[in-house]
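User: Please take a close look at one part of this protein and describe it in plain terms. I would like to know what the part is made of and what lies around it.

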Amino acid sequence: MDDEYTLLKEAASCLKQKKVIEAAQLYQKIGEFFAQKSFYQKALAAYQKSLSLHPDPNLHLSIAGIYEKIQRSFSAYEALKQAYHSFIQQKTFEKSLEAGFKMSHLQPDASFPHEKIAEVYFYMGHYPEASAEYQIASIKAEAQGDFRKSMEDLFYAFKMAPQDKEIWKNLRQALIHQRGTEDAHVQQLDELLEIKPQSPKKFIEKKEIWSPEKIADQLKNAQMLMEEFLFDEAKKIVEE
């Protein structure tokens, strides 16, 4: 059975022979050996050496796991970001999702992980899931006081699922929170959602089943509404 000394000697020999990939694989194996023994600093050093010799997105996941073990959450989060970007470049979407969900676990209040998860779902063609993640990102951005980012994420959610009236409702609530019920855009959304004032402080929603023709008409109106007050980055997407 290989021990760390044997593996280190083999890795050094491979480097002397300029067998870089083989040396990287051995250092990864050394990292796994130390991780199993709970020698986390040594495992981290071995993984980083392997990564320096031959980039492998899976090593970023391993490094993130070690950082979590030694309670360095920020470093773990940054390693997961590296893993995410590497997996996306390789179009390894399942692994990208894994990195995204782990980021969300480490920073549950952050909107960024949900934006990245939504991005993966978009690439996979899973638009309802992408829309749902953008809506979560919007809520978290608003909670952090980033109204601009919150609105931007709502826009992306709208692009993924334009028939989803819940997105319009969320947009309306965000605007009410920021600008109040008398805001012109809130009132336009009230018209689109057919919300009628029951009293100065209460609103009720009229229930109905939309025909395909009405959906098309309402989406056109909604897009015009979006173009009026969303940000330049969002407008460019509408124009694509």
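Analyst:
**Helix H7 and its surroundings**

Helix H7 has 13 residues, and from its first C-alpha to its last it reaches 19 Å, close to the 18 Å expected at 1.5 Å a residue. The model is predicted. In the whole protein there are 13 helices and two strands, and of its 240 residues 41% count as buried.

Start with the side of H7 that is covered. Its buried residues are Pro-113, His-114, Glu-115, Lys-116, Ile-117, Ala-118, Val-120 and Tyr-121. These buried residues pack against H5, H6, H8 and H9. After the helix comes Gly-125, whose phi is positive, near 80°.

Next, the neighbour H6. Helix H6 covers residues 93-106. H6 has 14 residues and reaches 20 Å between its end C-alpha atoms, close to the 20 Å expected at 1.5 Å a residue. Buried in H6 are Ser-96, Leu-97, Ala-99, Gly-100, Met-103, Ser-104 and Leu-106. They pack against helix H4 (57-69), helix H5 (73-89) and H7. The contact between H6 and H7 therefore appears from both sides: the buried residues of H7 pack against H6 among others, and H7 is one of the helices that the buried residues of H6 pack against.

One pair of residues gives a distance for this region. Glu-98 and Ile-117 are 19 residues apart in sequence, and their C-alpha atoms are 8.9 Å apart in space. Glu-98 is in helix H6, and Ile-117 is one of the buried residues of H7. Glu-98 counts as partly exposed because its relative accessibility is 28%, and the partly exposed class lies between 20% and 50%.

The other neighbour to describe is H8. Helix H8 holds 17 residues (127-143), which should span 24 Å at 1.5 Å a residue; its end C-alpha atoms are 24 Å apart, so the two values agree. Its buried residues are Ala-130, Ser-131, Glu-133, Tyr-134, Gln-135, Ala-137, Ser-138 and Ala-141. Their cover includes helix H6, helix H7 (112-124), helix H9 (147-160) and helix H10 (165-179). Just after H8, Gly-145 takes a positive phi of about 85°.

Now the aromatic residues. The structure holds seven aromatic pairs. In one of them, the rings of Phe-34 and Phe-39 have their centres 6.3 Å apart and their planes at 50°, so this pair is tilted. Phe-34 is buried, with a relative accessible area of 7%, whereas Phe-39 is partly exposed at 42%. Another pair involves H7: the ring centres of Phe-93 and Tyr-123 are 6.0 Å apart and the planes are at 20°, so the pair is stacked. That pair links distant parts of the chain, with Phe-93 in helix H6 and Tyr-123 in helix H7, 30 residues apart.

Phe-93 and Tyr-123 also belong to one aromatic cluster with Phe-122 and Tyr-127. Tyr-127 is in helix H8. Tyr-123 counts as partly exposed, at 43% relative accessibility, and Tyr-127 counts as partly exposed, at 39%. Phe-122, Tyr-123 and Tyr-127 together make a nonpolar surface patch of about 300 Å².

To sum up, the buried residues of H7 pack against four helices, H5, H6, H8 and H9, while Tyr-123 of H7 is part of a nonpolar surface patch.

Key: Residues are numbered from 1 along each chain as its sequence is written. This is a predicted model: local features need pLDDT of at least 70, side-chain atom pairs count only at pLDDT 80 or more; totals for chains, interfaces and linings use all residues. Side-chain values use heavy atoms; hydrogens and water are left out. The expected span of a helix is 1.5 Å times one less than its number of residues. Buried means under 20% relative accessible area, exposed over 50%, partly exposed in between (1.4 Å probe, protein chains only). Contact means heavy atoms within 4.5 Å. Patches are made of residues with over 30% relative accessible area and no salt bridge: like charges are joined within 9 Å, nonpolar side chains (Val, Leu, Ile, Met, Phe, Trp, Tyr) within 5 Å. Accessible areas come from the Shrake-Rupley method with a 1.4 Å probe; for residues, only the protein chains shown count as cover. A salt bridge is a side-chain nitrogen of Lys or Arg within 4 Å of a carboxyl oxygen of Asp or Glu. Rings of Phe, Tyr and Trp (its six-membered ring) pair if their centres lie within 6.5 Å; planes under 30 degrees apart count as stacked, over 60 as edge-to-face and the rest as tilted.
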